[in-house]
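User: I'd like to go through the charged pairs in this one and check what each label rests on. Can you take me through them?

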Amino acid sequence: MSELKLEFVGKQVKDMYGTFMGKVVGIITDTDGSIESVGVDCGSSGLKQLPYEQLLVQGDYVIYIPRWRLDAQKILRQKNLTLQRIKGLQDIVAENDLMKDDAELVYLKYEKRLHDLGENEKSVNDKLEARLDELDTENKSIKTVLFDAKLQFRSNEITEEAYQQISTHTNELIEHINIEKSEINNVKMRLAQQTLENIALTPRLPSTQSTSKLKATGESSHSHQLESTPTVSAPPQLVNATEKTAAENTNEDKIITKPTKRESDSDSSWLDQVIQNE
């Protein structure tokens, strides 16, 4: 068995918000030996096959990335680049009217692309809304368990220690849900804000050799930014989404991703590395 496959087998699986999902028990491969999916024992839920592209090995754990996040991140990047190119074309024509005919054909291409992305965006938004509904249902179910535990404690059916344990675990799950809901709403807001009016091209300083050429042609330096490739930063250290004991923190603080309140529009998050492999 290859080292890549050994990275998965036997490891515990968590989603990127910190919730345990199960343990990897096997790998499904294609005829060329590449990994198609990973079999995860989810206890009473049975064996689930998780797509390989949605998994990332992080230390002693396998992190599961929800499909909605990969789809949303991808559409955000594609739409942003398309809008930047349309904006760049408009700026080029505004600076040199003689290039209008040449730019028109290219403009039609990106206009069609933007329309197609609009259809994809609608599909992604539908998935986000569906996921929010699922999270609301889960949240109500967890709160029911917590309330019932409080009732049992007040009626002396369980000890205070047992109630505190239930309270800790349920509040932990509720926090994970709130973090995911917050991130989904943030993504929806970013998608809505991606319009041509809100796109601003960042000029790229020309090299010494190209400075004279730019001056001679009257071409704006920011048009060269259209073909630049965004840099991808190294994966940040993963941290706990909830407060745990000091002993637990020693082993788990590097595992669970806690999303920030507002993601950077530079799309340089560690998940881009996963998306680029699609």
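**Salt bridges and their labels**

Analyst: Sure. This is a predicted model, where local features need pLDDT of at least 70, side-chain atom pairs count only at pLDDT 80 or more, and totals for chains, interfaces and linings use all residues. Residues are numbered from 1 along each chain as its sequence is written, and side-chain values use heavy atoms, with hydrogens and water left out.

User: Why is the contact between Asp 116 and Lys 112 called a salt bridge?

Analyst: The term needs a side-chain nitrogen of Lys or Arg within 4 Å of a carboxyl oxygen of Asp or Glu. For Asp 116 and Lys 112 the closest N and O atoms are 3.1 Å apart, so the pair qualifies. That rule gives 12 salt bridges.

User: What makes Lys 112 exposed?

Analyst: Lys 112 has 55% relative accessibility, and exposed means over 50% (buried is under 20%, partly exposed in between; 1.4 Å probe, protein chains only). Asp 116, at 29%, is therefore partly exposed.

User: Which helices do Glu 180 and Arg 131 lie in?

Analyst: Glu 180 and Arg 131 meet in a salt bridge at 2.9 Å, N to O. Glu 180 lies in helix H4 and Arg 131 in helix H3, so the pair ties together parts 49 residues apart in sequence. Helices here are DSSP runs of H or I, at least four residues, numbered from the N terminus.

User: Are those two buried or exposed?

Analyst: Both Glu 180 and Arg 131 are buried.

Note on methods:
Helices (H or I, at least four residues) and strands (E, at least two) are DSSP runs, numbered from the N terminus.
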